[in-house]
Amino acid sequence: MRLFLVLMACVIGSAEIGSQAARAAAVLMREPAEGEMRLGQRVRVDDGSCPTGQIKEVTASQLTPQGILRTRVCVKR
């Protein structure tokens, strides 16, 4: 039982490290073009439009008849 708990902790820890790496890799210099984002996808864009110490987070948040609606917010780096 103890070995099982240790293995589960390792698996969960590895998954968290992988997800952090994936989030860190999604920093772009400009927003993706229309049609390039999937619903629910988030990217961080370092285009200088946010105050110092913050970065723009763009989320493909809602499906509309015209396409996918994006929301933009400045978040801590």
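Val45 has plenty of company in this predicted model: leaving aside residues up to four places away in sequence, Val45 touches Leu28, Met29, Arg30, Glu31, Ile55, Lys56 and Val58. Two of those contacts show up again in the strand pairing. Leu28 is the bridge partner of Val45, and Lys56 in strand 3 stands opposite Val45.

Val45 belongs to strand 2, residues 42-45, where the side chains alternate. Which way do Val43 and Val45 point, and are they buried or not? They point to one face and are buried, while Arg42 and Arg44 point to the other face and are not buried.

Both valines turn up in the largest nonpolar core, which has five residues: Met37, Val43, Val45, Val58 and Ala60. Strand 2 and strand 3 each supply at least two residues of that core.

Stepping back to the whole chain, the protein has one helix and four strands, and from the N terminus on the elements run α-β-β-β-β. The four strands form an open sheet in the order 1-2-3-4, with mixed pairing. Strand 1 (27-28) and strand 4 (67-76) are the edge strands, each pairing on one side only. Here is how the neighbours go together:

| Strand pair | Sense | Bridges |
|---|---|---|
| Strand 1 and strand 2 | parallel | two bridges |
| Strand 2 and strand 3 | antiparallel | four bridges |
| Strand 3 and strand 4 | antiparallel | ten bridges |

Strand 3 covers residues 54-64. Lys56, already met opposite Val45, also stands opposite Cys74 in strand 4.

That brings us to the cysteines. How many disulfides are there? The count comes to one disulfide. Cys50 and Cys74 form it, with their sulfur atoms 2.1 Å apart, comfortably described as a disulfide because the cut-off for the sulfur pair is within 2.5 Å. The link of Cys50 and Cys74 is left-handed, with -80 degrees about the S-S bond. What does the pair tie together? Cys50 lies in the loop between strand 2 and strand 3 and Cys74 lies in strand 4, so the link joins parts that are 24 residues apart in sequence.

The two cysteines fall into separate burial classes. Cys50 has a relative accessible area of 15% and is buried, since buried means under 20%. Cys74, at 33%, is partly exposed.

Back in strand 3, there is Thr59 to look at. Is Thr59 buried or exposed? With a relative accessible area of 13%, Thr59 is buried. Not counting residues up to four places away in sequence, Thr59 touches Met37, Gln41, Arg42, Leu69, Arg70 and Thr71. Met37 in that list is also one of the residues of the nonpolar core, and Arg42 is one of the strand 2 side chains that are not buried. Leu69, Arg70 and Thr71 fall within strand 4, which spans 67-76.

A few totals round off the picture. Buried residues make up 18% of the 77 residues in the protein. Of the contacts with a separation of 6 or more, 21% are between residues 24 or more positions apart. The protein exposes about 6,000 Å², and carbon and sulfur atoms supply 61% of that area.

Notes:
Residues are numbered from 1 along each chain as its sequence is written. This is a predicted model: local features need pLDDT of at least 70, side-chain atom pairs count only at pLDDT 80 or more; totals for chains, interfaces and linings use all residues. Side-chain values use heavy atoms; hydrogens and water are left out. Two strands pair if DSSP finds at least two bridges between them. Buried means under 20% relative accessible area, exposed over 50%, partly exposed in between (1.4 Å probe, protein chains only). Contact means heavy atoms within 4.5 Å. A nonpolar core is a set of buried Ala, Val, Leu, Ile, Met, Phe, Trp, Tyr and Cys residues joined through side-chain atoms within 4.5 Å. Accessible areas come from the Shrake-Rupley method with a 1.4 Å probe; for residues, only the protein chains shown count as cover.
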